[in-house]
Every structure is written in C-alpha cells, then in structure tokens.
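Visitor: Please take me through one part of this structure up close. I would like to look at the aromatic rings, and then at what lies around them.

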Amino acid sequence: MPLTKQEWLQLEKKAHELRRLTLDTTYWAGSAHIGGGLSVLDIMTVLYHKYMNIKVEDPKWEDRDRFILSKGHAGVSYAATLCDYGFNDVELLKTFNLSGSKMGMHLDSNKVVGVDASTGSLGHGMSIAVGTALAARLQGKDYKTFVVLGDGECDEGSNWEAAMSAVHYKITNMISFVDRNKCMIDGRTEDVMNLEPFCAKWEAFGFIVKEIDGNNIKELCEAIDFAYENKTDKPVMIVANTLKGCGIDFIEDDYLWHYGAFDDDKYERGKKALDESYQKRIARVEKEAE
Amino acid sequence: MAGGMTYTAVDSTSLSTAEIYGKALVELGRAHPEVVALTADLAKSTKIGEFQKEFPDRFFNVGIAEQNLFGVSAGMARAGLVPFLSCFSQFASLRAADQLSTDLCYQNVNAKVIATHSGTSFGQAGSTHHAITDLAVTRSMPNLTVICPADGVETYNAVMAAYETPGPFYIRINRGFDRVLYKDSDYGFQIGKAVTVNEGTDLTIIACGSCVFQAVQAADFLEKSDGLKIRVLDMHTIKPIDREAIVKAVMDTRRIITVEDHNVLGGLGSAVAEVVVESGKGCAFKKLGIPDKFAPIGLHEDIMAELGIDANGIIAAVREVMKADFELDDDWDDEV
C-alpha cells in the first residue's frame, strides 16, 4: 500500500488533530503522560487511519485487527485516538484521569470501547499479542495483531520471554514496534539501563528489524508495508526512533516530561508549538512527496 | 457440569491427581475445539502430555517462562479460545502473579490455571517448590475463583465446572497421588458450596485439599475413641467461600478448626475466620496449617505430620478445642 501524497497529507492532518486532542486532554486532566503519548502518536495514527481493519460500529468484531499498547501509560494519546475514531464519545476525554471516570491513565479494556488489552504494568503486551496471534492462526483467521512497546519497557525481562516465543512459533501475523524515544522516568534510557545494541538484540532473538524515524509518517508506512510483505517465517520488529513529546518543542526529548502538567500558559504555548510543528511537517511532505 | 464420564475411586487410586486432570483435559478437548493447553516446560510434570499427543496444534509449551505463559494465555482467551494453563503453584501464584492479576483477573478473561505441586506436596524439593502462599495471593485477586480440590475425583469435577463457568480460575492440585475421599464424581459438586463429608454437632473441621481426607480420618477416630460427633466440611472453593456453611457450623457446633496445607496466614483459615467474625457469632476457633515459617523438607505425609495437619495433629487439636470455654446458652442475640 504505497503512500500517496494526498494520503500522507491526510495522515499528517490526523496526527496533528490527535496531538491537539492529546494536549487538550492533558490540560483538562491537569497532567498526563504526554511525553510518551506524543512520541508514539504517529504509530497509532498510521495504524488506525491507514492499516487496521476495524469497524467502529462493531468494536468487538471477531475478525478485527488487534492493537495492543504495551506501553499502557501512553493512554492519553491512545484515548484521544479511540475517541476521535468514534469508539467512545470525545466528551469522555474531559473526564480523563478524573475521579469516577471510566478512563484512567491506563485504559481498561472492559471499560473503554476499542481497547484490546488492559495494560499499564509493563512487559505484558507482547505476550498477549503472541496469544492473540496464535489464536488467529489456530482459528484460521487472517487478522493482524499490532503491539507497541516502550523502549524503557524493554528492561522488563518478560518482553524477552515473549520475543523468544514469537520467533519460536513463527508469529508473522503480529507486527511489533518499539517506541524508541530514549527516555524513561529517571533519565535517558542509556543512562538508567543501557539498551544498546538494541536492534541487534531483536535480531539476535530472530526478528527482522526495521529501524526508522518513528515520527515520520512515510517511513512508518514503508516499514509497515515491509512487514505486510514479509514472506519469511520471522516476525518483524519496527524500532521507531521517536522524540519524547514530539510536536511540542519545549518538552521534546526531555525525560522530565515523562509525566507532566499543563497550566494555561503552557497549554497556549503547546498549541502554538503543535501548529508550528505541523506546518514544518506539511512542508516536509511538499518537499519529499513524489 | 459437563456430561463426561464418571470418575471412580478405582481411577483415583490408579491415577495421580494430575493424571486425572490430564484425562479431564483431553475429554474437554474432544468436546470443545476452543480448549487449548499451555505449560512452561512442565507438560510431563503436570500430566498434560495426553492432550499434547491428541491435539498437537492446540498445545503450547512456552518454555521456562511463566510470565509469558500467562500473557499468551490471556491473549488467546481474549481471542475466544479457552486456555488451560499449567505450571507449579509456586510459580503460577508468585512468579507470574502480576500477569495472573493484570492479564487474567483484571481483564476477567476465560482462562483456567491448573496449578500443580501445591502446598507441600512436592515436599522433598524444599521451599522453592512448596506453595504455601498461593491461596493468600490468589484469593485477594478480584474476579478469580479459587479451588483446592480434596482428591483426584474432585479435581475432575473442579476442572469440568471451571470449563462451564466463564471467568478466570485458579485450581491448585497436588503432586502425586491423593488419598481417595470420594468414591465417584457423582456427589453434587458445586462451586462455592462446601461438601459435608461427615455430619456432626460437637465441632466442625473445615478443610481443603489433602487435609480433608485427614480430617475425615480424625473424625472417625474421635467418634470411636472420644464419642465426639465431628462435622467435616470439604471447603474446596476458597473463593467464593461458602459463608452459609461456615455460619451454620458456628451456630450448630460452636467450635471450628480449619486445616490446610498452606500458611495459616491468608489462606482457608483466614477466609473462614473473616466469615466467623463478620457473622457476629462467637465460637472456639483454631487454625491448623503451616505456622508462618518455611516448611521442612521431606515426604508430603511426613511434612503434614510434622506440621500437625495430618489425622494425628487434627485429633490433638480437636481435643484441645473441646476444652475451650465459650458461652453455653442458646441465646445468640446477646452476642451480636
């Protein structure tokens, strides 16, 4: 599914809208995991608006593609994505993180429509994804399972148990991503617990690894197309190098913005920054699109 | 309950409890194509090899990786399969506790954990392989039904009932052979309903797992030697616990002893005590189990004897509790 310029522009527009909605939600909630929410957002935008076979009118359609946000703390942008898509009322975002809301910072699959797995405790998502992928194979269904891990999350040993099983069972109906924003709560990933050589680790486990700019819609689409066309029996891991807080320049690439609050001033500056970032991204499309 | 074969005492003397589970799983597998079996390098130990032989495509051995075992099972359950996953109780309840809680219980998926080698039944392996905290851990996980069958026949019933009941289950069974309590599987097993295996009015022993057989032996002996009528309840379901049977025991016998192959903190005894205290009715009460220490190494029966959770230990405890003072009048209102 090669990306046309028109599609690229539409996806940029959608990513911008979802970034705005993520910022709005953070502002309404007072605070949220906005850093990692924005770094992963282009991945979710591309999946939900170009690739995933889902039905908004039938959220539990058994043949739907599955999406598992293993880095469940990015719930703020996941919530924005699901509400914008129509699975839940956008008004629900105004209750995000608030007492009594069915939408907490880590989304509950039994409360929020469209969520395929309740995550939050890290290192769980890929195992669940392997399970749904194996189930699809056993049931003769051709849906795909997409799973997104955080890079800091990869410190958890359970991910590597899951990785080993994905390769052992030749799980090619699962497409995996790591949102490699290089930040975690206490610092840079390489300072807290060195992950490198990161791609080589996944390759050593038996994955085909595509390393890309995960905030570049075109590169994301090319990597996902590559995964769709994979004819080997190895699973594909897309290591998406991203910027924490992508789109809001004054929080970008700053691990201190793992979780943060937006007051009125920051909110206004954030909106302006997102608009400027969007214009730059549009200019890039104009320049790079064939 | 699934209309399967009837298991008898003959089966459970010739088959270990886990082997009966293995056969029950094959029976479920034949009837229900959505049933799958998973383990973590313990297919032989947990006796699910028969399922593997008959349904190789529906059997998954994830290697020595309990966390992945639980996560994969949760994913399968969310996709419509009914996974039965088996590993040792200690690892099911502790190594994979986060996955059990988050992936199975929080998501409320239809997955059944058959946790083997429970309590001190793998006695010679030592404390790394004893599960003395699993009831405490699992019964505090919302949505989870927790069952500790008394023998092989009851294990069969529990496994069949678990299939019939949506939601996550934790069924803890022993390594090796259990003493036979039930002659056949047709005794009306119901989740959440204790079985009165011996009727009595002097004292009630509430037991689970392998301790139920020991309690019945103690009750038989005490009737002959001391003339005591001891009620024995097989409290196979630890959660949801049979509150009605417990309160009735308080009212009818005013003396309760709980017996379990588990730490006395947090397991069956604690569950029963909670009900007794909340009932507002007083009674003499004693918990038998592992007294908040790591259990010794040895044969299961030797460990049970040392811990006082075999028939001899129960007899001694009954005699002690029979001496306990409590209010003798029949007026319960003044105690509320």
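Guide: Start with a definition: a residue is buried under 20% relative accessible area, exposed over 50%, and partly exposed in between. Keep in mind that this is a predicted model.

Now the rings. Over all chains, the count comes to 18 aromatic pairs. Take Tyr48(A) and Tyr85(A). Their rings meet edge-to-face, with 6.0 Å from centre to centre and 65° between the planes. Tyr48(A) sits in helix H3 of chain A, residues 41-51, and Tyr85(A) sits in helix H4 of chain A, residues 75-85, so this pair ties together parts 37 residues apart in sequence. How does each ring's residue fare for exposure? Tyr48(A) has 3% relative accessibility, so it counts as buried. Tyr85(A) has 23%, so it counts as partly exposed. The two also belong to one aromatic cluster, together with Phe67(A), Tyr78(A) and Phe87(A).

Chain B offers another pair. The ring centres of Tyr182(B) and Tyr187(B) are 3.8 Å apart and the planes are at 5°, so this pair is stacked. Tyr182(B) is buried, at 7% relative accessibility. Tyr187(B) is partly exposed, at 21%.

Go back to chain A for its sheet. Five parallel strands make an open sheet in the order E2-E3-E4-E8-E7. Strand E2 (66-69) and strand E7 (208-213) of chain A are at the edges, each with a single partner strand, so one side of each has no neighbour in the sheet. From one strand to the next, the twist averages 20°. Look at one edge: E7(A) runs parallel to strand E8 of chain A, residues 236-241, and six bridges join them. In one of these, Val209(A) has Met237(A) in E8(A) as its bridge partner. A helix packs on this sheet: H5 of chain A, residues 125-138. This helix touches E2, E3 (145-150), E4 (174-180) and E8 of chain A, and its direction makes about 170° with that of E3(A).

One last stop, in chain B. Glu66(B) is found in helix H5 of that chain, residues 66-78. Glu66(B) is buried, yet it has no salt bridge. The nearest side chain of opposite charge is Arg95(B), 4.8 Å away. What does Glu66(B) touch, leaving aside neighbours within four places in sequence? In its own chain, the contacts are Ala40(B), Cys87(B), Phe91(B), Arg95(B) and Ala96(B). Glu66(B) is also in contact with Glu161(A).

Note on methods:
Residues are numbered from 1 along each chain as its sequence is written. Chains are lettered from A and ligands numbered from 1 in the order in which they are written. This is a predicted model: local features need pLDDT of at least 70, side-chain atom pairs count only at pLDDT 80 or more; totals for chains, interfaces and linings use all residues. Side-chain values use heavy atoms; hydrogens and water are left out. Helices (H or I, at least four residues) and strands (E, at least two) are DSSP runs, numbered from the N terminus. Buried means under 20% relative accessible area, exposed over 50%, partly exposed in between (1.4 Å probe, protein chains only). Lys and Arg count as positive and Asp and Glu as negative; His and the chain ends are not counted. A salt bridge is a side-chain nitrogen of Lys or Arg within 4 Å of a carboxyl oxygen of Asp or Glu. Contact means heavy atoms within 4.5 Å. Two strands pair if DSSP finds at least two bridges between them. Axes are lines fitted to C-alpha atoms, for helices over the stretch in contact, and angles run from 0 to 180 degrees between N-to-C directions. Rings of Phe, Tyr and Trp (its six-membered ring) pair if their centres lie within 6.5 Å; planes under 30 degrees apart count as stacked, over 60 as edge-to-face and the rest as tilted.
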